[in-house]
Amino acid sequence: MKIFKNLNFNKLKNGLSKTREKLVTSINEAVSRRAVIDEEVLEEIEEILITSDIGFDIAMNIIDETRKSLKSQSDRSKINIVETIKNELVKLLDEHSTKTSEFELIEKHHPLVILIIGVNGAGKTTTIGKLAYIYKKAGLKVLIGSADTFRAAANEQLEIWANRVGVDIIQKAHGADPSSVAFDTLNIAKKNDIDIVLIDTAGRLHTKNNLMQELNKIKKVLSKVIDDAPHETFLVLDGNTGQNALIQAKEFSKVTDVTGLIITKLDGTAKGGSIFQIIAEQKVPVKYIGVGEGIDDLQNFDAKEFVNALFETEPE
Ligand SMILES: Nc1nc2c(ncn2[C@@H]2O[C@H](COP(=O)(O)OP(=O)(O)OP(=O)(O)O)[C@@H](O)[C@H]2O)c(=O)[nH]1
Ligand SMILES: [Mg+2]
C-alpha cells in the first residue's frame with residue numbers, strides 16, 4: 001500500500017502565520033538586533049519562547065540545549081543560532097512521533113477502526129469529514145458512524161460532510177444509544193469490506209463523568225464486534241485554547257487510551273506554540289493538524305515540515 005501524505009507546505013506556512021508572528025518574528029528580531037550572539041540574546045529568546053505558549057520547562061530546555069550545541073560549534077552566526085533552535089524544536093516534536101500511518105495499519109486491521117473523541121467544538125466532526133476525504137482520495141473504502149446522538153444537529157452536520165466526500169454514513173435518531181450506532185457501523189463495515197471506519201462522538205453530555213463513561217461503553221461495544229477495536233483513538237484538541245487543550249488532553253488520557261492527537265484551528269491562533277507543550281507532556285504523537293475549515297485543510301503532521309513552515313524555510 002502506498003503511504004499517502006496530505007501535506008501542502010504553502011498551506012501549512014499560511015496557516016501558521018499568526019503563531020509565526022508571535023514566535024519567529026520576535027526571535028529573528030532579537031537575533032538581528034545584536035552584533036554578537038551572547039548569553040543576553042539567549043536569555044531574550046528564552047523569554048520569547050516562554051511567552052509563546054511553549055511552556056517554561058521546554059523553553060529552558062531548548063535554550064540549554066542550544067547553549068550546549070553552540071559551545072561545540074565555531075559558527076556563531078545569526079543563521080546558525082536560529083538553525084540550532086529549529087533543530088531542538090524538531091527533536092522535541094519528533095520524540096514521540098510514530099512512523100506507522102493508517103495506510104500501514106490497514107494491512108493488519110481490516111477494517112481499521114478509528115474513534116474520534118474530544119470536547120464540544122474542538123473540531124471532531126469537521127476533522128472526520130477531512131479525514132474521510134484524505135482516505136477516499138487514497139483509494140480506501142471509508143464508512144462513518146455518527147455516534148454523537150446527543151446534539152440535535154450532529155447527524156445533519158456529519159451527513160453533509162459524508163455527502164461532500166462521497167462516503168457512506170450510519171446514523172440513528174437523535175437521542176439513540178451511541179453505542180448501538182457504533183455496533184451497527186462495525187457490523188456493516190465488516191459485511192461491506194470497508195477499509196477504514198471513523199466513529200464520531202459527542203463532545204458534551206449532561207456531565208463530564210457521563211461523557212467519559214459513554215466513551216468507555218462505546219469502546220467496549222466496538223471490541224465486541226472486532227476484538228482489538230478501536231485500533232486508534234484520536235483526541236481532537238482546539239489549538240486556539242492553548243493551556244486549556246493541555247488540560248483536556250490530561251483529562252481524556254486519564255480515562256481512555258489516546259493513541260494520537262489532532263490539533264485543529266492552528267490557522268486562527270497565535271497559540272500554536274502550545275503544540276510543543278502538548279507533545280512533551282502527553283508523549284502521544286500528533287497525527288494531523290487543522291489549518292482551515294476547508295475539506296483539504298487537514299495536514300499530516302511532520303515535525304520537520306512543521307518547524308520549517310513556522311520559520312518559513314523552504315524544504316530541501
Ligand atoms: N479555522 C478552522 N476552523 C476549524 C478547524 N477545524 C474545525 N473548525 C471549525 O470549528 C467549529 C467546530 O467544529 P466541529 O467539527 O463541529 O466540532 P465538534 O468537536 O464536532 O463539536 P461538537 O459536535 O459540538 O462536540 C466548526 O465551525 C469548524 O468549521 C480548523 O482547522 N480551522
Ligand atoms: Mg461534532
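A residue is called buried here if 20 or more other C-beta atoms lie within 10 Å of its own, exposed if 12 or fewer do, and partly exposed in between. Keep that rule at hand while you walk through this structure, which is a predicted model.

**The whole chain**

Begin with the entire chain in cartoon view, where the secondary structure comes to 13 helices and eight strands. Turn the model along its principal axes, and you will find that the C-alpha atoms fill a box of roughly 65 × 40 × 30 Å. The radius of gyration is 21 Å, which agrees with the value near 20 Å that a compact globule of 316 residues would have. If you colour by burial, buried residues make up 46% of the 316 residues. Of the contacts with a separation of 6 or more, 75% join residues 24 or more positions apart.

**Two domains**

Next, select residues 9–94 in one colour and 102–300 in another, since the domain assignment gives these as domain 1 and domain 2. Their centres, taken over C-alpha atoms, are separated by 34 Å, and where the domains meet, 17 residues of domain 1 are in contact with 16 residues of domain 2. On the side of domain 1 that touches domain 2, the elements giving two or more residues are α1 (9–15), α2 (17–33), α3 (39–54) and α5 (78–94). The largest share of that side comes from α2, with five residues, and the residues of the side divide into eight nonpolar, four polar and five charged.

**The nonpolar core**

Now select Ala132, Ile144, Val197 and Leu198, which touch the most other members of the largest nonpolar core, a set of 89 residues. Both domain 1 (9–94) and domain 2 (102–300) give residues to this core, so it lies between them. In soluble globular proteins, nonpolar side chains tend to be buried together. Which residues does leucine 198 touch, not counting those up to four places away in sequence? Show Ile114, Ile116, Ile128, Leu131, Ala132, Val142 and Ile144 beside leucine 198 to see the full list.

**Around the ligand**

Select ligand 1 next and display the 22 residues that surround it, of which Gly123, Thr125, Thr126, Gly203 and Gly290 are the closest. Helix α7 (residues 124–137) gives the most to this shell, with three residues, and the shell as a whole divides into four nonpolar, eleven polar and seven charged residues.

**Unusual backbone spots**

Most residues other than glycine have a negative phi, and most peptide bonds are trans. Two prolines are worth selecting with this in mind. Histidine 110 and proline 111 are joined by a cis peptide bond with omega of about 0°, and proline 111 lies in the loop between α6 (102–108) and β1 (112–117). The bond from alanine 229 to proline 230 is also cis, with omega near -5°, and proline 230 sits in the loop between α10 (208–225) and β5 (232–238).

Finish with two residues of positive phi. Aspartate 53 has a phi near 65° and is found in helix α3, while lysine 283 has a phi near 55° and is placed in the loop between α12 (274–282) and β7 (286–290). Is lysine 283 buried or exposed? It has 9 other C-beta atoms within 10 Å, and because the limit for an exposed residue is 12 or fewer, lysine 283 counts as exposed. Aspartate 53, by contrast, is buried, because 25 other C-beta atoms lie within 10 Å of its own.

Definitions and conventions
Residues are numbered from 1 along each chain as its sequence is written. Chains are lettered from A and ligands numbered from 1 in the order in which they are written. This is a predicted model: local features need pLDDT of at least 70, side-chain atom pairs count only at pLDDT 80 or more; totals for chains, interfaces and linings use all residues. A residue is near a molecule or strand if its C-beta atom, placed from the backbone, lies within 6 Å of it. Helices (H or I, at least four residues) and strands (E, at least two) are DSSP runs, numbered from the N terminus. Ala, Val, Leu, Ile, Met, Phe, Trp, Tyr, Cys and Pro count as nonpolar, Asp, Glu, Lys and Arg as charged, and the others, Gly among them, as polar. Domain bounds come from an automatic or database domain assignment. Two residues are in contact if their C-beta atoms, placed from the backbone, lie within 7 Å. The radius of gyration is taken over C-alpha atoms; the globule rule is 2.2 Å times the number of residues to the power 0.38. A nonpolar core is a set of buried Ala, Val, Leu, Ile, Met, Phe, Trp, Tyr and Cys residues joined through C-beta atoms within 7 Å.
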